[in-house]
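Reader: I would like to learn how the parts of this structure fit together. May we go through it by question and answer?

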Amino acid sequence: TFSDTAGLGFVTNQDVSSGQVILQVPDNVALTVEVPGSGPNDGGTLERTCRKSERGSFRLEKMPWYVQFSLYLHTLKSATNNNNENMVDRKPWLDSLPTAFDTPIHWTESQRKEWLQYDTMVKSVERQETMWKSKFQTVSPVFPAMSWDDFCWGCETARSRAFSASTAGRFNPGIYAFTLVLVAIYVGLGLGTLEQAANGAGVVFSATVLKDFVLPKFFSKKLYAICPVIDMANHNSLSSNAQVSLEYFANAYSLATSLAVQQGQAIEISYGARSNDQLLQYYGFVEPNNPNDVYIMPPLREWPLQAMEEATGRPVAAGRLEKLDRAGLLGRSTASAPADDEDEDEAAVSNPWGGVVVTRVEGIDPAVIQALRALFSTEVEWDAAGQAVGNFAEAVSAENEKAVYVAAKTALELELQSKATSLQQDLDQLDRIEKGSSSLEDKLIDKEEVLAIRFRIEKKSLLSETIAKL
């Protein structure tokens with residue numbers, strides 16, 4: 001099915017009960033990268049196509065998993081024969097993949113700043129672009145036919161379509177059949193008792209479990225898989241009705257319903273607890289009312305201290321900031337170099353400067369509330385707490401607690417007021433665009449900017465909700 005916001009996806013043409021397998025794909029069709037490992041399961045495709053004279057110390061398996069996928073996907077698209085070692089033709093699936101992404105890495109620097117109105121995302125995309133270009137410079141001598149656009153497309157395809165799968169080995173019934181034959185021969189020829197034969201079979205079973213399930217976890221192996229066709233399932237944090245799993249005994253990946261689904265309803269899975277920062281940066285869409293959304297405020301050291309003092313009527317005593325800094329509660333200056341984020345873990349929101357995290361579910365990080373209690377405590381409250389920041393984990397007085405929430409509310413209100421447009425202005429503009437506004441200004445807005453408007457609406461809504469709770 002097609003839509004302006006969701007693109008390709010699954011819709012049922014009949015009622016489906018809960019727990020029903022809708023789609024099953026053999027695991028030997030999937031593209032996988034195991035980390036740490038020896039590279040993609042490509043049957044030597046990359047080895048045959050890279051420029052061996054330029055390999056030098058280049059080690060594909062040392063590249064991030066999404067870079068390995070990018071090289072693999074580019075090689076598959078460029079190949080005249082897309083069959084894998086199992087003679088599965090992947091060309092129809094490759095042709096179905098999106099040819100471009102609307103993610104912010106493709107926007108100009110000025111567009112990111114103007115459209116997003118959110119420094120955290122702007123800096124995160126800048127770091128992503130720098131890191132990806134560094135990886136591209138490393139691989140381009142070995143894969144000279146790949147352009148920056150090809151590389152970026154492959155990385156984005158991997159980041160948006162791969163999922164972390166089980167590292168369990170493939171089920172091999174031959175081992176068990178052979179074991180049963182040996183047991184029968186052993187007992188039939190009188191070489192030993194049935195109990196002895198059963199003990200031997202138990203050893204085989206235990207060794208298989210150890211190899212397929214225990215050792216991969218012990219060595220911290222992680223498997224990333226792109227499963228053709230199943231990868232078209234769309235995301236829904238609020239009401240997903242299906243899930244993807246590895247069927248060990250069937251050697252296949254399956255898409256099965258987790259709820260009853262009515263005819264004409266979309267089949268949707270959850271990509272995990274992804275904020276809109278992650279969804280926009282790596283997937284190219286924004287989820288309204290996302291329960292996993294966050295807003296990353298500047299680190300506490302950069303909050304408007306004077307405005308908070310005026311609002312609370314409580315001046316910050318000398319030495320308090322230094323105490324909080326030693327406790328690691330002020331974060332790092334955004335003017336400093338960011339903390340290393342080489343792995344670029346998509347399961348975590350990028351926050352290398354230790355900014356204050358505001359979530360839709362919990363509001364302001366409890367550690368920040370603790371820091372504010374200490375920061376705005378009177379000398380009497382400070383002494384009563386033993387002059388230790390750790391003793392402010394709980395409320396110390398009603399007056400202190402009120403000051404804390406007034407200070408936090410002031411900081412969030414000033415953050416919201418710093419935006420170039422208000423939440424209501426964004427909502428009105430989006431409404432005009434969706435209704436087919438005839439104004440020249442609205443007509444000139446492209447789909448990427450509309451996506452950015454949706455994004456900043458969600459961010460400003462989250463701030464507004466948190467302020468209302470405070």
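Reader: Which residues of H2 are buried?

Author: The model is predicted, so local features need pLDDT of at least 70 and side-chain atom pairs count only at pLDDT 80 or more, while totals for chains, interfaces and linings use all residues. Residues are numbered from 1 along each chain as its sequence is written, and side-chain values use heavy atoms, with hydrogens and water left out. Buried means under 20% relative accessible area, exposed over 50%, and partly exposed in between (1.4 Å probe, protein chains only). In H2, the buried residues are Trp65, Tyr66, Val67, Gln68, Phe69, Ser70, Leu71, Tyr72, Leu73, His74, Thr75 and Leu76.

Reader: Why is H2 described as largely enclosed by the rest of the structure?

Author: Helices (H or I, at least four residues) and strands (E, at least two) are DSSP runs, numbered from the N terminus. H2 is largely enclosed because, of its 14 residues, the number buried is 12.

Reader: How many residues of the largest nonpolar core come from helix H2?

Author: A nonpolar core is a set of buried Ala, Val, Leu, Ile, Met, Phe, Trp, Tyr and Cys residues joined through side-chain atoms within 4.5 Å. The largest one has 80 residues, and Phe69, Trp132, Met297, Trp303 and Leu372 have the most contacts inside it. Helix H2 (residues 65–78) supplies the largest share of this core, namely eight residues.

Reader: How many residues has the other core, which includes Ala225 and Ile269?

Author: This core lies apart from the largest one. Leu255 and Ala242 are also among its members, and its size is 15 residues.

Reader: Is isoleucine 185 buried, partly exposed or exposed?

Author: Isoleucine 185 belongs to helix H7 (residues 173–188). Its relative accessible area is 40%, which makes isoleucine 185 partly exposed.

Reader: Which strands stand at the edges of the open sheet of three strands?

Author: The order in this sheet is E11-E12-E13, with antiparallel pairing; two strands pair if DSSP finds at least two bridges between them. Each edge strand has a single partner strand, so one side of it is left without a neighbour in the sheet; these are E11 (294–297) and E13 (363–364).

Reader: Which residue in E10 stands opposite histidine 235?

Author: Strand E10 (residues 266–269) pairs with strand E1 (residues 10–11) in the antiparallel sense. With strand E7 (residues 234–235), E10 pairs in the parallel sense over two bridges. The residue opposite histidine 235 is isoleucine 269.
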